[in-house]
Amino acid sequence: MSDAGGGAGAGGANDEVPHQNVVAEALKERVYATFTGLAIVLVQLTNVEHLEPVRVIIELAVGILAITAAGFAADVISFLSVHARFPVGHEVRIMLRIAASALASAGVPVVVLVLAVFGIVELDTALRIVSIVYVVTLGVIAYLGVRRTNAPWWKQLIALAALMAVGLSVVIIQLAAHGH
């Protein structure tokens, strides 16, 4: 996360963060949390026969909360480093809003996993659905970002392919780190 206090000045009244920057930071946090959730779910899928649905929800929630807290801490630390002061009022609210956007990445996955708790779907099926939700979420975010550029279609396609390759490598690294 970059510092939520913006980059204009050293803490004056005009240190307001442009809306686009807040949206970009919030989206970035959501992407981080989505990658984290995907890694957690893929690891759980490899051990599904030993897991209970409630435990899966707890592990996913704790993982998402951890990445959210880490994002907030990073924002505060970077703010301190750049501005040589603690964030106040509106700056803290912006940081909290940005960090909280990561929590949204767990919305649909938790609902799907609750279906497994009640036996509506099998846990392995729920985990597969959740992993698809996470992959589609990342793909849609990347696609929408690339589409917003004014680049020719073929450059957009190359950019999207590159982003997908980077995303796949992130998933592979996370699986290697968290796998058994």
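Okay, quick definition before anything else: when I say helix, I mean a DSSP run of H or I of at least four residues, and a strand is a run of E of at least two, both numbered from the N terminus. With that, take residues 157–177: the chain there is 100% helix and 0% strand, with the end C-alpha atoms 30 Å apart.

Now the small print. This is a predicted model, where local features need pLDDT of at least 70 and side-chain atom pairs count only at pLDDT 80 or more, while totals for chains, interfaces and linings use all residues. Residues are numbered from 1 along each chain as its sequence is written, and side-chain values use heavy atoms, with hydrogens and water left out.

Why start at 157–177? That stretch is one of those that UniProt, in an unreviewed entry, lists as "transmembrane region", along with 60–82, 94–120 and 126–145. Those positions follow the numbering used here, feature names are shortened, and annotations may be inferred rather than shown by experiment. Over 94–120, we get 67% helix and 0% strand, and the end C-alpha atoms sit 39 Å apart.

Next, helix 5, residues 123–147. Its 25 residues should span 36 Å at 1.5 Å a residue, and the end C-alpha atoms are indeed 36 Å apart; the expected span is 1.5 Å times one less than the number of residues. Its buried residues (under 20% relative accessible area; exposed is over 50%, partly exposed in between, 1.4 Å probe, protein chains only) include L123, L127 and Y134.

Those three turn up again in the largest nonpolar core, meaning buried Ala, Val, Leu, Ile, Met, Phe, Trp, Tyr and Cys joined through side-chain atoms within 4.5 Å. Of its 26 residues, L60, L113, L123, L127 and Y134 touch the most other members. Helix 1 (19–46), helix 2, helix 4 and helix 5 each supply at least two residues, and helix 1 gives the largest share, eight.

On to charges. How many salt bridges does the structure hold? Three, counting a Lys or Arg side-chain nitrogen within 4 Å of an Asp or Glu carboxyl oxygen. K28 pairs with E25 at 3.3 Å between the closest N and O atoms; they're three residues apart in helix 1, so about one helical turn separates them. K28 is partly exposed at 27%, whereas E25 is buried at 11%. R55 and E59 meet at 2.8 Å, N to O, and lie four residues apart in helix 2. Finally, E91 bridges to R85 at 2.6 Å, and E91 is buried, at 2% relative accessible area.
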